[in-house]
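Colleague: I'm new to this one and would like a close look at a single part. Could you walk me through how chain B meets its neighbours?

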Amino acid sequence: MSASVLLMQDIAKTFPGVVALDAASLSVRPGEIHGLVGENGAGKSTIIKVLAGVYHADDGTVSIQDTPVSPVTSEVIHAAGVRFIHQELHLVPHFTVTESVFMGQEITTRLGLSRRLMCARAETFFRDVLDVEINGDILIRDLGTAERKLVQIARALIDDQARLVVFDEPTAPLASGEIEKLFRAIRRLKDRGIAIIYVSHYLSEITDICDRVTVFRNGRDVAVLDKVDENCANELIKAMVGREIDALYPKSGHTRGALVLQAKGLGDTGYFSDISLSAHSGEIVGIAGLIGSGREELIDTLYGLRPARTGEVTLHGKPVRFSSPADAVARGMVLVPRDRRRDGLVLDMSVSENINLASLEEVSCYGIELRNRARERASRQIRELDIRPDNPAIISRQLSGGNQQKTVLARWLATRAAIFLLDEPTVGVDVGAKVEIYQLIENLARNGAAILLSSSDPGELIGMCDRVLVMMRGRITHETSAVGLSIDQLVAMTTGASTQNSAEGHADAR
Amino acid sequence: MNQTLKSIIARFGFLIIIVAFVIFFSAVNPVFLGGDNLMNIVEGSAILLIVALGMTLIVATGGIDLSVGIALDFGAAFAIVAMKEYGFGWYGAALIGISGGAIVGLLNAALIVGLKVSPFLATLGTFFIGSSVQRIFTNGGGPISHRRMPQEFRDLAVGDVFGIPTEVVIAAVLVLAYFIVMERSIIGRRVHALGMQRSAARVAGLKVNKYLILCFVAASMTAAVGGLIASANIRMFTPLSGFSYLLDAIAAVFIGAALHPRGRPNIPGTVIAVLFLGVIANGLNLMGLNFNTKDALSGIILVSALALVVAQQKLRH
Amino acid sequence: MPMPASARPESGASGLSRIIDAAPLVIFLGMLIYIGFNAPNFMSFGTMQLVLNQSVPVVVVCLGLSIVVMAGGDDVVSGGIDLSIPATAVICAGIIAQLVTNTDTPLLLAIALALGAAMFIGIVAGLMVTRLGMTPLLTTLALFVAVVGVTKVVTSSRRINVDDPFIIFLRDGEILGISAGVVITLALVLVFYHFIHRTKWGLNLQAVGGSCEAAEISGLKPGHFLFWAFVIAAFTGFLASFFLLARGSGSSPGTENNLMLEMVLATFLGAAFSPRRVVTLWGAVLGAVLVAALSIGFKTMGVNVFWTGLIKGSLILVVLALAALSSRVKS
């Protein structure tokens with residue numbers, strides 16, 4: 001038995017202007033579940049992509065079962081029995097389960113596909129290996145997300161050649177009940193002697209399922225924990241962030257001003273119902289909740305991207321009904337969307353064009369764009385927010401995640417908006433830019449903006465917010481002051497693990 | 001050597017092709033480079049250019065308009081009928097013709113914005129309906145001629161302003177207007193934004209639907225202006241004649257877009273592409289080829305030109 | 001966008017969407033029943049034969065278009081579409097007619113040349129799309145015009161009669177009491193169906209169109225499938241040319257425009273008929289037959305032929321709008 005299934009040593013990878021990996025190492029033992037954690041931009045997805053043959057490392061060695069692999073290409077890695085379960089599901093909705101499992105590796109006879117054989121094999125695999133019953137003839141679109149995830153796993157493992165399986169944020173789209181189903185399947189794989197790399201942001205999952213953990217920070221492995229239990233979460237955080245967590249957040253207590261935004265009884269069938277919330281000027285209100293809790297749909301509804309079926313919204317005491325985001329923007333309410341690359345920026349426009357996009361009237365004269373004024377205005381924002389590179393003509397697609405996010409914020413700052421809906425504002429943003437974005441949000445609040453911060457990062461919510469609303473299954477289940485709230489408490493609330501309302505409870509509500 | 005050749009093609013490929021054709025045509029027939037003939041090329045391209053302007057706008061929104069020909073026909077039909085049956089003067093007729101085009105645009109906008117049908121299928125449906133309406137109205141497609149139209153209306157096609165043919169002047173004015181709106185105004189900025197990434201434009205607070213409606217109506221009205229000139233030229237309305245501009249207009253927009261550094265539909269690019277198509281049509285004419293051969297050749301040249309500009313664009317990146 | 005199971009619309013909403021799902025087909029069938037009651041001989045074997053005969057060339061090109069859409073995805077502008085198939089059909093018909101009738105070339109040689117031309121068009125389209133990365137819509141529209149132009153040279157824009165026994169058999173012959181063209185087309189549809197749904201290659205082709213990323217992760221090369229889809233589409237154009245020759249007893253200029261419009265219509269109507277709103281082979285075939293039935297139905301009812309286009313166009317828009325509506329109800 002070899003000492004390690006996978007050994008990656010001193011891997012280095014540099015992108016133009018960014019050192020993504022700097023002598024990073026990763027070692028996985030046979031039959032273990034190995035956690036891989038780190039902040040966004042710490043290099044964990046880069047090292048996974050090096051392993052997958054997507055990126056070619058500038059330096060370092062990769063060996064599988066003590067056999068060096070060079071060059072690392074997707075074919076070689078696949079042949080060596082390494083499988084990847086990507087974060088995105090990548091399934092064809094109108095294909096059946098069987099068709100999806102066997103995609104690219106169909107079993108055929110001379111007469112064509114042997115559908116029945118494939119179906120039987122897929123169903124057996126689900127039953128024996130993953131411990132679930134899934135009908136092979138059902139369509140992907142008719143499956144729940146957990147089952148889709150299992151189909152994706154089956155596709156990677158059906159050929160029985162897998163020795164090492166890499167899970168990249170597998171629980172991101174899952175509801176809490178579904179996570180257990182996935183974990184059961186993962187443990188079954190481990191029992192069969194398959195080694196697993198488990199990449200996740202959720203430390204509770206890491207401590208729950210992993211045998212060992214490697215922590216990445218700034219492109220290197222900074223710590224390896226050989227024994228994992230519930231108590232090592234703090235140790236992990238310290239290793240990930242490299243300093244005490246409080247340093248990330250600039251919070252300094254806000255003076256709560258007038259009531260600005262209020263929603264009563266908002267509902268949308270099947271997504272959320274009976275949502276009442278309020279935000280005051282100078283206040284940061286957090287919304288916690290798992291994906292699928294209705295948090296995203298609520299934000300979209302407030303912004304006019306989705307129609308509300310029931311309930312009402314008032315801004316500055318006046319009832320409003322937004323049929324499109326344009327209405328919301330006109331009233332000074334703006335959104336920093338969760339999918340920055342799809343909804344946040346017009347990627348093929350320049351930074352200057354993006355910054356001015358929502359306030360073009362101010363850089364025009366009789367409808368004609370004054371290009372110099374537009375560029376100067378953008379340059380000012382670029383300097384103020386320290387967007388790099390500081391060239392207003394650069395195409396937004398070429399910016400890093402953090403700078404793209406700052407560009408979105410710069411656009412709204414230019415409109416002098418008063419209410420900010422921030423949906424996962426720091427996803428895919430490196431630690432440095434994160435701190436800057438937190439500072440920006442803090443400044444906004446201090447200058448009297450009302451802020452709704454929706455996030456899946458409990459630390460961020462506790463560190464930034466005055467109050468946190470917790471959503472579960474489409475309802476607000478808790479409303480609590482963020483002061484003195486611990487990460488564990490908040491996670492317990494979002495996952496429904498705690499049933500009691502926290503001490504501050506509804507006292508802080510309106 | 002290979003590298004320099006590539007960079008030359010990347011930079012000047014299309015220009016080289018245009019120049020090559022010009023040299024070739026003038027070698028075959030010296031008349032080609034004469035001042036009169038060059039004006040002929042511009043004049044002959046005027047209607048296509050007008051139609052292509054509207055198409056540029058639509059493609060910039062990320063859509064396509066297969067019904068520009070119908071809008072052109074409606075422009076001609078409404079104007080001719082207004083003069084012939086209801087005795088309208090020339091400008092009344094022109095306004096009515098342009099409103100006829102607007103009807104087509106409104107129908108498209110209703111289908112696309114209101115009913116969320118994709119622009120391709122919506123404008124294809126409009127094309128079907130519009131063609132059918134023309135057949136019903138003209139009893140199967142017979143032309144409506146109006147020989148005694150007001151001279152002012154006739155002058156839209158055959159008159160001149162300070163020696164420059166009126167249709168060229170109209171086209172030039174429209175080019176200028178479109179250039180200012182699409183390349184210099186904040187409206188154009190918004191149209192480009194929503195065409196590149198609709199969802200991001202929406203989140204940025206742009207009134208996406210309003211701009212889509214405006215663009216489809218404007219494009220159809222512009223095509224109707226082309227219809228006015230066409231009908232003034234032959235003093236009649238020929239049903240379903242607008243269809244012949246469709247492909248050339250689309251091709252011109254995409255050739256023009258491929259010439260743009262960021263691959264965007266743009267007015268200068270469209271103008272160059274239309275003139276290129278005009279040069280080809282005129283040059284082939286002067287070669288005295290038979291009608292069928294000419295059609296075949298211009299089709300093949302069109303495909304090759306498209307492939308070339310796209311390859312050129314690809315090389316640049 | 002995957003949606004968590006817990007956040008799915010309740011069954012009430014899906015009941016509504018199920019009604020809207022079926023609406024396009026119901027409207028069409030209702031229209032046909034209405035015609036059946038108002039046109040004396042519409043519901044007869046003879047009329048059915050006529051409908052099927054009329055729709056045969058459209059059905060064949062629809063097979064090709066469906067395959068391209070399946071391989072390229074169903075976004076009309078950026079996804080897979082092939083407008084050049086009707087032009088391919090027309091040029092093949094033109095080549096065969098010209099050679100057989102005007103130059104006494106043996107039929108088989110003429111067919112071989114036509115096949116060569118079709119393959120050339122398919123390969124050019126495939127290369128332009130997969131190698132140069134041109135949008136299929138633009139590529140095939142331009143090819144359509146170029147090919148139609150070349151056809152004019154081949155046939156000198158004249159009608160050419162063909163009285164070759166094989167073509168006449170396709171027109172008048174019968175197999176088991178059903179007209180030969182229909183039987184052969186049915187066989188073709190079955191072959192294509194097997195090919196697309198019962199072979200590894202066909203399934204992979206659908207995977208490529210369904211989700212490019214999914215296919216790539218599974219080690220499939222999208223470009224390869226898209227290229228061959230265009231070649232197969234051109235091949236269906238070649239096959240359709242025989243039925244065009246049979247239907248018109250020769251090649252006649254100007255067939256291509258109508259064929260193109262009917263092909264696009266039938267294929268995307270077919271998508272509206274299918275409960276999943278995706279282009280399918282059977283949907284396209286059904287679409288082609290129903291559109292032909294409607295046209296002939298109106299004719300037998302004595303509706304002015306100029307109105308038929310208007311009614312057809314409006315009906316199609318209604319169906320498409322309903323399809324768009326139902327996908328919105330679902331999402």
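Modeller: Here is a tour of chain B and the two sides where other chains touch it.

First, some housekeeping: this is a predicted model, in which local features need pLDDT of at least 70 and side-chain atom pairs count only at pLDDT 80 or more, while totals for chains, interfaces and linings use all residues. Residues are numbered from 1 along each chain as its sequence is written, and chains are lettered from A and ligands numbered from 1 in the order in which they are written.

Let's take chain C. Here 36 residues of chain B are in contact with 34 residues of chain C, where contact means that the C-beta atoms of two residues, placed from the backbone, lie within 7 Å. On chain B, the elements giving two or more residues to this side are helices H5 (119-137), H11 (243-259) and H13 (291-316); helices are DSSP runs of H or I with at least four residues, strands are E runs of at least two, and both are numbered from the N terminus. H13(B) supplies the largest share, 14 residues. By type, this side of chain B has 23 nonpolar, nine polar and four charged residues. Nonpolar covers Ala, Val, Leu, Ile, Met, Phe, Trp, Tyr, Cys and Pro, charged covers Asp, Glu, Lys and Arg, and the others, Gly among them, are polar.

Now zoom in on H13(B). This helix packs against helix H5 (residues 136-155) of chain C at an angle of about 155°, with the axes 7 Å apart. Axes here are lines fitted to C-alpha atoms, for helices over the stretch in contact, and angles run from 0 to 180 degrees between N-to-C directions. So H13(B) is roughly antiparallel to H5(C), the word for angles over 145 degrees (under 35 is roughly parallel, 65 to 115 roughly perpendicular, the rest oblique). Residues making the contact include Ile300(B), Leu302(B) and Val303(B) from H13(B), and Leu143(C), Val145(C) and Ala146(C) from H5(C). The residues of this helix contact divide into 13 nonpolar, five polar and two charged.

Over on the other side, 19 residues of chain B are in contact with 23 residues of chain A. H8 (186-196) and H9 (198-203) of chain B are the helices giving two or more residues there, and H8(B) gives the most, six. That side of chain B splits into nine nonpolar, four polar and six charged residues.
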